[in-house]
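Here's a quick walk through the model, starting with one residue and working out from there. Keep the structure open alongside as you read.

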Amino acid sequence: IRGRKPDTEVLVFDSLKWSGIVGEAFAEELRNVNVERKVRIRSISNAEDPIAKDGTTTWTKNTLYTTKYYRHRIISRKVIDITEDLFLMPDSIVYWGVKEGDEVAIEVKNSAYTSMMRQLFEFMWDKAKVIDGFGERFT
(Lines give C-alpha, C1' and ligand atoms only; values in the text may rest on other atoms or scores of the structure.)
Protein backbone atom coordinates (compact mmCIF):
# COMPACT_ATOMS: atom_id res chain seq x y z
CA ILE A 1 0.00 0.00 0.00
CA ARG A 2 1.39 3.35 -0.98
CA GLY A 3 0.81 6.07 1.56
CA ARG A 4 -1.39 8.49 -0.34
CA LYS A 5 -0.66 11.57 1.67
CA PRO A 6 2.89 12.65 2.46
CA ASP A 7 4.09 12.76 6.06
CA THR A 8 1.40 10.46 7.49
CA GLU A 9 1.26 7.28 9.54
CA VAL A 10 -0.29 4.05 8.30
CA LEU A 11 -1.14 1.31 10.81
CA VAL A 12 -1.05 -2.30 9.62
CA PHE A 13 -2.31 -5.62 10.89
CA ASP A 14 0.22 -7.56 8.81
CA SER A 15 -0.13 -11.18 7.68
CA LEU A 16 3.40 -10.96 6.21
CA LYS A 17 2.10 -12.52 2.98
CA TRP A 18 1.93 -9.52 0.67
CA SER A 19 5.56 -9.21 -0.44
CA GLY A 20 5.66 -12.88 -1.39
CA ILE A 21 2.59 -12.40 -3.57
CA VAL A 22 3.43 -9.05 -5.19
CA GLY A 23 7.13 -9.89 -5.55
CA GLU A 24 10.24 -8.44 -3.96
CA ALA A 25 10.85 -5.81 -6.67
CA PHE A 26 7.36 -4.32 -6.30
CA ALA A 27 7.56 -4.50 -2.48
CA GLU A 28 10.85 -2.55 -2.59
CA GLU A 29 9.29 0.01 -4.93
CA LEU A 30 6.46 0.57 -2.42
CA ARG A 31 8.95 0.99 0.41
CA ASN A 32 10.91 3.54 -1.65
CA VAL A 33 7.74 5.51 -2.42
CA ASN A 34 6.82 5.57 1.27
CA VAL A 35 10.31 6.83 2.19
CA GLU A 36 10.08 9.57 -0.47
CA ARG A 37 6.67 10.62 0.87
CA LYS A 38 7.80 10.29 4.51
CA VAL A 39 5.03 7.82 5.26
CA ARG A 40 5.56 6.07 8.58
CA ILE A 41 4.37 2.46 8.95
CA ARG A 42 3.56 0.77 12.26
CA SER A 43 2.91 -2.94 11.90
CA ILE A 44 1.64 -5.72 14.14
CA SER A 45 2.13 -9.31 13.01
CA ASN A 46 2.16 -12.76 14.58
CA ALA A 47 5.80 -13.47 13.74
CA GLU A 48 8.55 -11.34 12.31
CA ASP A 49 12.31 -11.46 12.64
CA PRO A 50 14.02 -8.68 14.59
CA ILE A 51 15.70 -5.87 12.67
CA ALA A 52 19.41 -5.29 13.38
CA LYS A 53 20.42 -1.96 14.91
CA ASP A 54 21.78 -0.75 11.56
CA GLY A 55 18.43 -1.57 9.90
CA THR A 56 19.49 -4.70 8.05
CA THR A 57 16.94 -7.46 7.75
CA THR A 58 16.14 -10.42 5.54
CA TRP A 59 13.11 -8.85 3.83
CA THR A 60 14.41 -5.48 2.54
CA LYS A 61 17.63 -3.77 1.52
CA ASN A 62 16.14 -0.35 2.29
CA THR A 63 17.70 0.45 5.66
CA LEU A 64 16.39 4.03 5.54
CA TYR A 65 12.89 2.53 5.51
CA THR A 66 13.57 0.16 8.41
CA THR A 67 15.36 2.71 10.61
CA LYS A 68 13.26 5.84 10.00
CA TYR A 69 9.86 4.85 8.62
CA TYR A 70 8.99 1.40 9.99
CA ARG A 71 8.08 0.19 13.48
CA HIS A 72 6.84 -3.26 14.33
CA ARG A 73 5.76 -5.56 17.12
CA ILE A 74 4.52 -9.13 17.33
CA ILE A 75 1.43 -10.42 19.06
CA SER A 76 0.37 -13.93 19.99
CA ARG A 77 -2.05 -15.73 17.69
CA LYS A 78 -4.02 -16.47 20.88
CA VAL A 79 -4.75 -12.73 21.15
CA ILE A 80 -5.41 -12.11 17.45
CA ASP A 81 -4.65 -14.42 14.52
CA ILE A 82 -3.65 -12.08 11.70
CA THR A 83 -4.40 -14.08 8.56
CA GLU A 84 -5.10 -11.17 6.18
CA ASP A 85 -3.81 -7.62 5.88
CA LEU A 86 -5.65 -4.60 7.23
CA PHE A 87 -4.23 -1.15 6.44
CA LEU A 88 -5.49 1.74 8.54
CA MET A 89 -4.88 4.84 6.47
CA PRO A 90 -5.44 8.30 7.98
CA ASP A 91 -8.91 8.52 6.41
CA SER A 92 -9.84 5.00 5.32
CA ILE A 93 -9.41 1.29 5.93
CA VAL A 94 -8.08 -1.07 3.27
CA TYR A 95 -8.78 -4.78 3.65
CA TRP A 96 -6.36 -6.74 1.49
CA GLY A 97 -6.51 -10.50 1.22
CA VAL A 98 -3.90 -12.15 -0.94
CA LYS A 99 -3.07 -15.67 -1.91
CA GLU A 100 -1.84 -17.14 -5.14
CA GLY A 101 -4.44 -16.51 -7.84
CA ASP A 102 -6.85 -14.70 -5.49
CA GLU A 103 -6.46 -11.06 -4.49
CA VAL A 104 -9.16 -9.00 -2.82
CA ALA A 105 -8.88 -5.34 -1.85
CA ILE A 106 -11.71 -3.35 -0.31
CA GLU A 107 -11.38 0.28 0.79
CA VAL A 108 -13.83 1.75 3.28
CA LYS A 109 -13.89 5.53 3.58
CA ASN A 110 -15.64 6.33 6.83
CA SER A 111 -13.96 8.58 9.36
CA ALA A 112 -15.84 7.21 12.40
CA TYR A 113 -15.08 3.58 11.52
CA THR A 114 -11.47 4.43 10.68
CA SER A 115 -11.08 6.18 14.03
CA MET A 116 -12.52 3.18 15.88
CA MET A 117 -10.22 0.74 14.07
CA ARG A 118 -7.19 2.94 14.77
CA GLN A 119 -8.13 2.82 18.48
CA LEU A 120 -8.31 -0.99 18.26
CA PHE A 121 -4.85 -1.02 16.66
CA GLU A 122 -3.44 1.13 19.47
CA PHE A 123 -4.96 -1.23 22.05
CA MET A 124 -3.33 -4.22 20.30
CA TRP A 125 -0.05 -2.29 19.91
CA ASP A 126 0.11 -1.89 23.68
CA LYS A 127 -0.43 -5.65 24.11
CA ALA A 128 2.10 -6.61 21.41
CA LYS A 129 5.73 -7.47 22.16
CA VAL A 130 8.73 -5.32 21.26
CA ILE A 131 11.34 -7.57 19.61
CA ASP A 132 14.10 -5.09 18.73
CA GLY A 133 15.02 -1.40 18.80
CA PHE A 134 12.24 -0.59 16.31
CA GLY A 135 9.18 -1.32 18.41
CA GLU A 136 8.29 2.09 19.81
CA ARG A 137 5.82 4.63 18.50
CA PHE A 138 7.12 7.38 16.26
CA THR A 139 7.89 10.59 18.13
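Let's start with Asp-7: at 53% relative accessibility, this residue counts as exposed, because the cut-off for that label is over 50%. Keep in mind that we're looking at a predicted model. Asp-7 sits in the segment before E1. Its phi is near 55°, which is a positive value in a residue other than glycine.

Lys-38 has a positive phi as well, near 60°, and again it isn't a glycine. You'll find Lys-38 in the loop between H2 and E2. With a relative accessible area of 47%, Lys-38 is partly exposed.

Here are four residues side by side, with where they sit and how much of each is accessible.

| Residue | Location | Relative accessible area |
|---|---|---|
| Asp-7 | segment before E1 | 53%, exposed |
| Val-33 | helix H2 | 14%, buried |
| Lys-38 | loop between H2 and E2 | 47%, partly exposed |
| Val-108 | strand E6 | 26%, partly exposed |

Now for the helix that comes before Lys-38. H2 covers residues 24–36, and Val-33 is part of it. Does its length add up? Take the 13 residues of H2 at 1.5 Å a residue and you'd expect a span of 18 Å; the end C-alpha atoms are 18 Å apart, so the two agree. 

Val-33 counts as buried because its relative accessibility is 14%, and the cut-off is under 20%. Other buried residues of H2 include Ala-27, Glu-28, Leu-30 and Arg-31. What do the buried residues of H2 pack against? Their partners are helix H1 (18–22), strand E2 (40–45) and helix H3 (63–69). For a sense of distance, the C-alpha atoms of Val-33 and Trp-18 are 16 Å apart, with their positions 15 residues apart in sequence.

H2 turns up again in the largest nonpolar core, which has 19 residues. Val-10, Ile-41, Tyr-65, Tyr-70 and Phe-87 are the ones that touch the most other members. Strand E1 (9–13), H2, H3 and strand E5 (93–99) each give two or more residues to this core. Apart from it there's another core, made of 13 residues, and Leu-88, Met-117, Phe-121 and Trp-125 are among them.

Next, the empty space. Rolling a probe the size of a water molecule over the atoms shows where such space is left. The largest pocket holds about 350 Å³. Its lining is made of 19 residues, and those nearest the centre are Asp-14, Trp-18, Arg-31, Trp-59 and Tyr-70. Which element gives the most to this lining? That's H2, with 3 residues. E1, H1, H2 and E2 each supply at least two. Sorted by class, the lining has 11 nonpolar, 4 polar and 4 charged residues.

Two of the names near the pocket's centre have come up already: Arg-31 is one of the buried residues of H2, and Tyr-70 is one of the core residues that touch the most other members.

Finally, over to Val-108, which lies in strand E6 (residues 102–108). Its relative accessible area is 26%, so Val-108 is partly exposed. Leaving aside neighbours within four places in sequence, Val-108 is in contact with Ser-92, Ile-93, Tyr-95, Tyr-113 and Thr-114. Val-108 and Phe-87 are 21 residues apart along the chain, and their C-alpha atoms are separated by 11 Å.

Terms used: Residues numbered from 1 in each chain as written. Predicted model: local features only at pLDDT ≥ 70, side-chain atom pairs only at ≥ 80, totals over all residues. Heavy atoms only, no water. Helix = DSSP H or I, 4+ residues; strand = E, 2+ residues; numbered from the N terminus. Buried < 20%, exposed > 50% of the residue type's maximum accessible area, 1.4 Å probe, protein only. Expected span 1.5 Å × (residues − 1). Contact = heavy atoms within 4.5 Å. Core = buried A, V, L, I, M, F, W, Y, C linked by side-chain atoms within 4.5 Å. 1 Å grid on protein atoms, 1.4 Å probe; cavity = no way out; pocket = protein on both sides within 12 Å on 5 of 7 lines; lining within 4 Å. Points joined across faces, edges and corners; volume = space filled by probe spheres on them. Nonpolar A, V, L, I, M, F, W, Y, C, P; charged D, E, K, R; others polar.
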